[in-house]
Amino acid sequence: MTTGADIEQLLRRLAPRVLAALARHYGNFETAEDAVQEALLTAATRWPAGGVPADPLGWLITVASRRMIDQLRSEQAGRRREELIGARTPPEELLAPAADADGVRAEDDTLILLMLCCHPSLTAPSQLALTLRAVGGLTTAEIARAFLVPETTMAQRISRARQRIKAAGATFRLPPEDERADRLRVVLHVLYLIFNEGYTATSGPDLYRTELTGEAIRLTRLVHRALPGDGEVAGLLALMLLTDARRPARTRPDGSLVPLAEQDRARWNREYIDEGLALITRTLAHAPLGPYQLQAAIAAVHAEAARAEDTDWPQIVELYRLLAQLAPGPMVALGHAVAVAMARGPAAGLALLEPLDADDRLSRHHRLHAVRAHLLEMAGAHEAALASYRRAARLTTSLPERRYLSSRAARLASRTGQVGSA
Amino acid sequence: MKYLLLIYGNQENWEHPLFVRHPDFLALPAGEQEELTRQAAALRRELTESGELLGGEALADSVTGRTVRVRAGVPVVTDGPYVEAKEQLAGYIVVDCADLERASEIAARIPDARFTAVEVRPIVDLSGQEM
C-alpha cells in the first residue's frame, strides 16, 4: 500500500526530471513549468486511490506533454510545428538525452534546472520560490504557506520570475564554462537561504517551515551528487546537516529558544552529525578552502564537544579568523568576538566589538547588543549587561528572541536588585 | 521581512488619494502634480509585479470610526479615533521586502510622504535564531 506521503516523496523526486525532459525538448521553460505542475497535481489526486502506474516517470511525462501541447496550441494557434513534433514523440524519446551515451545524467538535469531557477536576473525571493516549485516540486500554495504570504502574491512572484527568465533569453542548457562557477555560487546561496528560512525556530507546530530545511538538504544533496568534487557544495551540505542536527534541542515545547551552551546534546540528531562530520573532514582534506566549508568546520567543532565546556574554542577562533579573511562581514565579526571571549576571556571579546559600533546598520541590529550583553555578563559587569540585554530585546523583530533576551535581562535584574522592565 | 507602511493624512482634506487634496500638492505646477500621480501608479505596479505587495487599504475619515475600551468588564465605546490629532492614519500597505532600507525606499516613493508622513514598522517574526 502506497501512502499519500510516499507518493508525495516520489513526485518531488521525479518533478525535476519531468521538467528537464520537457524543457529540453520544447525549449520553452515557462510553459513546461506550468504543464509539469498540472501533471503533478493530477498524479497527486489520482494515484492515492487508483494506484501508482508501473512507469511513473513515463506517465508524468506523457500527461505533462499533453498539457504542454494544449497550452502551446492555444498560445500559438498559427504555429503547428511544436504540436506535431510533440504529438509524435513518445515519452521514452523525451527522456532519451538523460540516458544516452554522452553521459547526461539526471543529476546534470537538476543542476541545469537549478541554475535556470537561480538566474541572476531574478531577485532572491523569486529565486527561492521558483527553485522550490520547479526543482522541489512544491505547489504554489505550499510555498506561500511556508513564506507566510498570500497565495496570489506567491503565484505572481513565480509567474513574473518565469517571464524574466524568458526575457533574459535563458535556455535549457548549462551556462557557458566561464560563467558556471558564479552561477553555482548563486545556486548555493539560494539553497542556504531556503535552509535558513526553515531553520529559524518557530513557536507552534509549523510544519511548512520545517519542510523548507528538509527540502534544502535534499536539493543540496542532489547538487553534491552532480558535483562530488566541489568543496563548497560539500561544505554547504555538511553545514546544513550539522546545523539541522541541533533542531530537536533548540526549542522547548513552548517554543522558547535554548542557547547552544544550554542545549541537551543527547537530543542532537546523531545520524546527521556523523554524516556531516565525515563529509566535512573528507572535504577539508582535499578541496580548496571556502566560506561554507569553514562554517561547517565551526559547526563540526561544536558537534564534537560532548558538553558545552569541552568546546575547543581556540580552534573556533582560528576558523573565524580564516572566515573573516575569505568572507568578511558583521555576523562573522560577531562570531569571532564570541569565540575570542570564550578562548581568552570576555575583555578580549568586548574589545573586538568596539569597532563594530561605528557601523550604522550593525549598531541598530539586536545581535551586536545581545553578544555584548553576554560578554558583559561573563565579565561580571551586570548593570551594563542588563542595559545591553534590554537594548537587544527592543531591537529584535523576532518574538522568541525578544522573550529570550527579556528573560536574561529579568534574571540579571533580580540579581542586581533592579526592577526588571525589559 | 514584512513591513507595515502606515500612511498618515490630514483630517481637513480627507478624500483618497489624500495627497491630491493637500494644499502643498495643489500649489505644485501641473507638470509636477501629474508626475507624482504617475509615480504612485508606477510604484503600485512595481510592487505588484515584484511580489512585494501583500496588501493594503485606504481608511475612511476617522470621525466614522469608534474606539472601544473595556473597563471592569464593561465596553465603553466612544466615537472617533484613539488618539485625537490633526494627522490621522489614512491607509496602509503591507510589503514583504529585503530589509528596512528597501521598505524605507518604498515609503519615500509614496506621494503622501512628501506632504504628511509614512511610518515604516517591521512586523514581528514568530521565528527566531538561537543565540
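Start in chain B by selecting strands β1(B) and β6(B): they pair in the antiparallel sense over six bridges. Here helices (H or I, at least four residues) and strands (E, at least two) are DSSP runs, numbered from the N terminus, and two strands pair if DSSP finds at least two bridges between them. What you have open is a predicted model, in which local features need pLDDT of at least 70 and side-chain atom pairs count only at pLDDT 80 or more, while totals for chains, interfaces and linings use all residues. Residues are numbered from 1 along each chain as its sequence is written, with chains lettered from A and ligands numbered from 1 in the order in which they are written.

**Along β1(B)**

Keep β1(B), residues 2-10, selected and add β5(B), residues 87-96: the two run antiparallel and are joined by nine bridges. Now click on B:Tyr8. Its bridge partner in β5(B) is B:Leu89, and in β6(B) it is B:Ala117.

Next, colour the two faces of β1(B). B:Tyr3, B:Leu5, B:Ile7 and B:Gly9 form the covered face, whereas B:Lys2, B:Leu4, B:Leu6, B:Tyr8 and B:Asn10 form the uncovered one. In a regular strand the side chains alternate between the two faces of the sheet.

**Confidence**

Colour chain B by pLDDT, the predictor's confidence in each residue, from 0 to 100. The chain averages 92, and 100% of the residues score at least 70. Strand β6(B), residues 117-122, has the highest confidence in the chain at 97, and β7(B), residues 127-128, the lowest, at a mean of 80. For the whole model, ipTM is 0.84 and pTM is 0.86.

**Across to chain A**

Show the contact between the chains, counting two residues as in contact if their C-beta atoms, placed from the backbone, lie within 7 Å. Chain A gives 26 residues and chain B gives 15 residues. On the chain A side, α7, α9, β1 (201-202) and α22 (399-416) each supply two or more residues.

**Helix α2(A)**

Finally, select residues 29-50 of chain A. This helix, α2(A), has 22 residues and reaches 30 Å from its first C-alpha to its last, close to the 32 Å expected at 1.5 Å a residue (1.5 Å times one less than its number of residues). Its buried residues pack against α1 (4-26), α3 (56-75), α6 (106-117), α7 (124-135) and α9 (151-167) of chain A. Just past the helix, stop at A:Gly51, where phi is positive, near 95°.

Key:
Buried ≥ 20, exposed ≤ 12 C-beta atoms within 10 Å, placed from the backbone.
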